[in-house]
Amino acid sequence: MIEEKIYNSWAFSENEMEKRQVNRKIYDQLMEKYRVYRHDLHFNPDVDSEKFDVIIGREPMYHRAKYNIIKNTPNLTDTELLLLCDHGNLCFGGHRVGSYLEVSED
């Protein structure tokens, strides 16, 4: 049994399937608890901010994506936000770069 926490960059590691399942479970809990808006193609999406607790814009790049956290009312951690950015995955990891978050993709 593995610890229930968010696993950042779990691909090709020991217990990778369990880590994937834990990340997905935490992601589902966050999505159930908060109203989250995430746009796949617009870094600054035009959305009614009053309707959402968390608003995330995205800029696709080569083997990674850059995320703009526009609104974070519940003050989620960077790790929680990264999990939301990557739809509960984070298999290749992510991190903060200045004022933005970046997630590695294949």
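Helices and strands are taken here as DSSP runs, helices of at least four residues (H or I) and strands of at least two (E), numbered from the N terminus. The model described is a predicted one.

Two non-glycine residues with positive phi occur in the part of the chain that leads up to helix α1. Phe12, in the segment before α1, has a phi of about 65° although it is not a glycine. The residue is exposed, its relative accessible area being 74%. Asn15 also belongs to the segment before α1 and has a positive phi of about 60°, again without being a glycine. With a relative accessibility of 34%, Asn15 is classed as partly exposed.

Helix α1 itself runs through residues 16–33 and comprises 18 residues. From the first C-alpha to the last, α1 reaches 26 Å, close to the 26 Å expected at 1.5 Å a residue. The buried positions of α1 are Lys19, Val22, Asn23, Ile26, Tyr27 and Leu30. These residues lie on the same side of α1 because the arc that they cover around the axis is only 135°. Helix α2 (78–85) is included in what covers the buried residues of α1.

In α2, the buried residues are Leu81, Leu82, Leu83, Leu84 and Cys85. The packing partners of these buried residues include helix α1. They also include the strands β1 (36–38), β2 (54–61), β3 (64–72), β4 (94–97) and β5 (100–104). Just after α2, a positive phi of about 50° is found at His87.

One residue of strand β5, Glu102, was examined further. Glu102 has a relative accessible area of 14% and is therefore buried, the limit for that class being under 20%. The side chain of Glu102 forms a polar contact of 2.9 Å with the side chain of Arg64. When residues up to four places away in sequence are not counted, Glu102 touches Arg64, Ala65, Leu82, Gly93, Gly94, His95 and Val97. Among these neighbours, Leu82 is one of the buried residues of α2. Arg64 and Ala65 fall within the range of β3 (64–72), while Gly94, His95 and Val97 fall within that of β4 (94–97). Glu102 in β5 thus has contacts that include residues of α2, β3 and β4.

Terms used:
Residues numbered from 1 in each chain as written. Predicted model: local features only at pLDDT ≥ 70, side-chain atom pairs only at ≥ 80, totals over all residues. Heavy atoms only, no water. Expected span 1.5 Å × (residues − 1). Buried < 20%, exposed > 50% of the residue type's maximum accessible area, 1.4 Å probe, protein only. Arc of directions from axis to C-beta. Contact = heavy atoms within 4.5 Å. Polar contact = N/O pair within 3.5 Å; in protein donor to acceptor, adjacent residues only side chain to side chain.
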